[in-house]
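Reader: I would like to go through this model by question and answer. Please keep to what can be read from the coordinates.

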Amino acid sequence: MRVGFGFDSHEFEEGKPLMLGGVRIESPYGLKGHSDGDVLLHAITDAILGALGAPDIGELFSDEDDRWKGAPSELFLEEAIKRMRERGYRLINLDCVLIADRPKIAPHKSKIRKRLSELLGIEESRISLKGKRREGFCESEGIACMCVVLLGEER
Ligand code: MG
């Protein structure tokens with residue numbers, strides 16, 4: 001078995017669509033970034049890549065490469081899953097924390113977990129998603145995400 005940890009954070013950008021876990025969230029602001037800024041998918045992608053000991057998301061998908069400008073982050077996750085399967089591993093479970101004062105995560109949780117379950121090809125019961133407020137810690141100008149994955153060898 002192999003464990004992987006992912007972290008990412010993005011600043012808010014007014015007028016950009018907000019994407020979290022491959023789900024479009026109704027919001028007057030999105031997340032700044034070269035791609036669609038999906039902080040949750042970036043953290044999951046990096047956790048899977050980390051578990052494999054593969055290059056990280058920034059090395060595979062440089063923000064100086066025009067191919068990834070405005071790209072859906074699902075592409076990055078698909079590449080990580082492809083590499084995981086090629087190496088003979090499967091995803092056992094995933095635990096994520098989104099740190100955001102706004103928007104509230106709770107109303108979107110079930111939709112996001114459902115989408116993640118489709119993208120990752122695992123049951124929703126293997127996906128945990130928690131929304132946490134900063135409670136005064138750091139600036140509240142964006143959203144951060146931390147996530148842990150566990151991979152097991154394909155039987
Ligand atoms: Mg990112």
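The turns below cover the metal site, the strands, the surface patch and the salt bridges of this predicted model.

Reader: Which residues coordinate the magnesium ion?

Author: The model is predicted, and in it the donor atoms lie at 2.1 to 2.2 Å from the magnesium ion. Along the sequence the donor residues follow the spacing D-x1-H-x31-H. The atoms concerned are an OD atom, an NE2 atom and an ND1 atom, and they belong to Asp8, His10 and His42.

Reader: Is Asp8 buried or exposed?

Author: A residue counts as buried when its relative accessible area is under 20%. His10 falls in that class. Asp8 does too, and is buried.

Reader: In which sense do strand 5 and strand 6 pair, and what is the hand of the crossover between them?

Author: Strand 5 covers residues 89-99 and strand 6 residues 127-132, and six bridges join them in the parallel sense. One facing pair is Ile99 and Lys132, the latter in strand 6. From strand 5 the chain passes through helix 4, residues 109-120, before it reaches strand 6, and this β-α-β crossover is right-handed.

Reader: How many bridges join strand 5 to strand 7?

Author: These two strands run antiparallel. Within the pairing, Arg90 has Gly152 of strand 7 as its bridge partner. Strand 7 also pairs with strand 1 in the antiparallel sense. For strand 5 and strand 7 the number of bridges is ten.

Reader: Which strand gives the most residues to the nonpolar patch on the surface?

Author: The patch is made of Val3, Phe5, Phe7, Met146 and Val148, and together they have about 470 Å² of accessible area. Strand 1 (residues 2-14) and strand 7 (residues 142-153) are paired over ten bridges, and each supplies at least two residues of the patch. Phe7 and Met146, both in the patch, stand opposite each other. The largest contribution, three residues, comes from strand 1.

Reader: Why does Met146 count as partly exposed?

Author: Met146 belongs to strand 7. The partly exposed class lies between the buried limit of 20% and the exposed limit of 50%. Met146 is placed in it because its relative accessible area is 33%.

Reader: Which parts of the chain does the salt bridge between Lys32 and Glu11 tie together?

Author: The two side chains meet at 3.9 Å, N to O. Lys32 is partly exposed at 40% relative accessible area, and Glu11 is partly exposed at 47%. The partners are 21 residues apart in sequence, so the pair ties together the loop between strand 4 (29-31) and helix 1, and strand 1.

Reader: How many residues separate Lys130 and Asp95 along the chain?

Author: Their side chains form a salt bridge with an N to O distance of 2.8 Å. Lys130 is in strand 6 and Asp95 in strand 5, so that distant parts of the chain are linked. Both are partly exposed, Lys130 at 33% and Asp95 at 31%. The separation in sequence is 35 residues.

Reader: Which residues are linked with Lys114 in a network of salt bridges?

Author: Lys114 and Glu118 meet in a salt bridge of 3.3 Å, N to O. Both lie in helix 4, four residues apart, which is about one turn of the helix. Lys114 is partly exposed at 46%. The network joins Lys114 with Glu74, Arg115 and Glu118.

Note on methods: Residues are numbered from 1 along each chain as its sequence is written. This is a predicted model: local features need pLDDT of at least 70, side-chain atom pairs count only at pLDDT 80 or more; totals for chains, interfaces and linings use all residues. Side-chain values use heavy atoms; hydrogens and water are left out. Donors are N, O and S atoms within 2.8 Å of the metal (3.2 Å for Na, K and Ca); water is not among the atoms, so sites may look incomplete. Buried means under 20% relative accessible area, exposed over 50%, partly exposed in between (1.4 Å probe, protein chains only). Two strands pair if DSSP finds at least two bridges between them. A crossover is right-handed if, with the strands pointing away from the viewer, the path from the first strand over the helix to the second runs clockwise. Patches are made of residues with over 30% relative accessible area and no salt bridge: like charges are joined within 9 Å, nonpolar side chains (Val, Leu, Ile, Met, Phe, Trp, Tyr) within 5 Å. Accessible areas come from the Shrake-Rupley method with a 1.4 Å probe; for residues, only the protein chains shown count as cover. A salt bridge is a side-chain nitrogen of Lys or Arg within 4 Å of a carboxyl oxygen of Asp or Glu.
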